[in-house]
Amino acid sequence: MHAYVTDETIDEAAVRAAVDAPDCGATVVFYGVIRNHDGGEDVRALDYSAHPEAERFLRELVAEEQAATGLRFAAVHRVGSLKIGDAALVAAVAAAHRGEAFAAIERLVERIKHEVPIWKRQHFASGSSEWVGLDR
């Protein structure tokens, strides 16, 4: 299973390759990058921190989605200091048809965002910062 947390740059091609299969006619890749704004403020950088068992949570979530749908899933979440344009999450789903692949990637990304204990600290151009996701 290709599901892990890393402090290294995410290899998008490896995530996509992890779900490739000859019976799948659609592969959808989500490439979540650090943007330069949030809530009307300019963002200059982010720090991601993870619970020591965040990778276990991610692997279990991916396994649950695979078991429930029979589709092929992969996901990698980055931690550490990231700058604008860096990928924080790369996830992929392969399915026989595009509709189920699009629905599955949406469900997977939302579950990762809400269930995997990874938190981000946004650093704003004003010099202030805020934590996001501490409720999980």
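Strand E8 (118-124) has six of its seven residues buried (under 20% relative accessible area with a 1.4 Å probe, protein chains only; exposed is over 50% and partly exposed lies in between), so E8 is largely enclosed by the rest of the structure. The model is a predicted one, in which local features need pLDDT of at least 70 and side-chain atom pairs count only at pLDDT 80 or more, while totals for chains, interfaces and linings use all residues. Residues are numbered from 1 along each chain as its sequence is written, and side-chain values use heavy atoms, with hydrogens and water left out. Helices (H or I, at least four residues) and strands (E, at least two) are DSSP runs numbered from the N terminus.

**Strand pairing**

Two strands are taken to pair if DSSP finds at least two bridges between them. The table lists three such pairs.

| Strands | Sense | Bridges | Residue partners |
|---|---|---|---|
| E4 and E8 | antiparallel | seven | Leu46 and Gln122 |
| E8 and E9 | antiparallel | four | Lys120 and Val132 |
| E5 and E7 | antiparallel | six | Phe73 and Val93 |

E8 and E9 form a hairpin with four residues between them, and Gly127 in the turn has a positive phi of about 100°. Elsewhere, four strands form an open sheet of mixed pairing in the order E1-E5-E7-E2; its edge strands, E1 and E2 (26-33), each pair on one side only, and the twist averages 5° from one strand to the next. Axes here are lines fitted to C-alpha atoms, for helices over the stretch in contact, and angles run from 0 to 180 degrees between N-to-C directions. On that basis helix H1 (residues 12-19) lies across E2, E5 and E7 at about 20° to E7, whereas H3 lies across E2, E5 and E7 at about 145° to E7.

**Helix H2**

Helix H2 (residues 54-69) has 16 residues and reaches 23 Å from its first C-alpha to its last, close to the 22 Å expected at 1.5 Å a residue, the expected span being 1.5 Å times one less than the number of residues. Ala54, Leu58, Leu61, Val62 and Glu65 are buried in H2; seen down the axis, the buried residues fall within an arc of 95°, so they line one face of the helix, where the arc is that of the directions from the helix axis to the C-beta atoms. These buried residues pack against strands E1, E4, E5 and E8 and against helix H3 (98-115), contact meaning heavy atoms within 4.5 Å. Just after H2, Gly70 takes a positive phi of about 75°.

**Nonpolar cores**

A nonpolar core is a set of buried Ala, Val, Leu, Ile, Met, Phe, Trp, Tyr and Cys residues joined through side-chain atoms within 4.5 Å. The largest has 31 residues, and those with the most contacts inside it are Tyr48, Leu58, Leu108 and Ile112. The elements giving two or more residues to this core are E1, E2, E4, H2, E5, E7, H3 and E8, and its largest share, six residues, comes from H3. Leaving aside neighbours within four places in sequence, Leu108 is in contact with Leu61, Val62, Glu65, Phe73, Ala74, Ala91 and Val93. Apart from the largest core lies another, of eleven residues, among them Ile10, Ala21, Val76 and Val90.

Thr6, placed in strand E1, is buried with a relative accessible area of 13%, and, not counting residues up to four places away in sequence, Thr6 touches Val76, His77, Arg78 and Val79.
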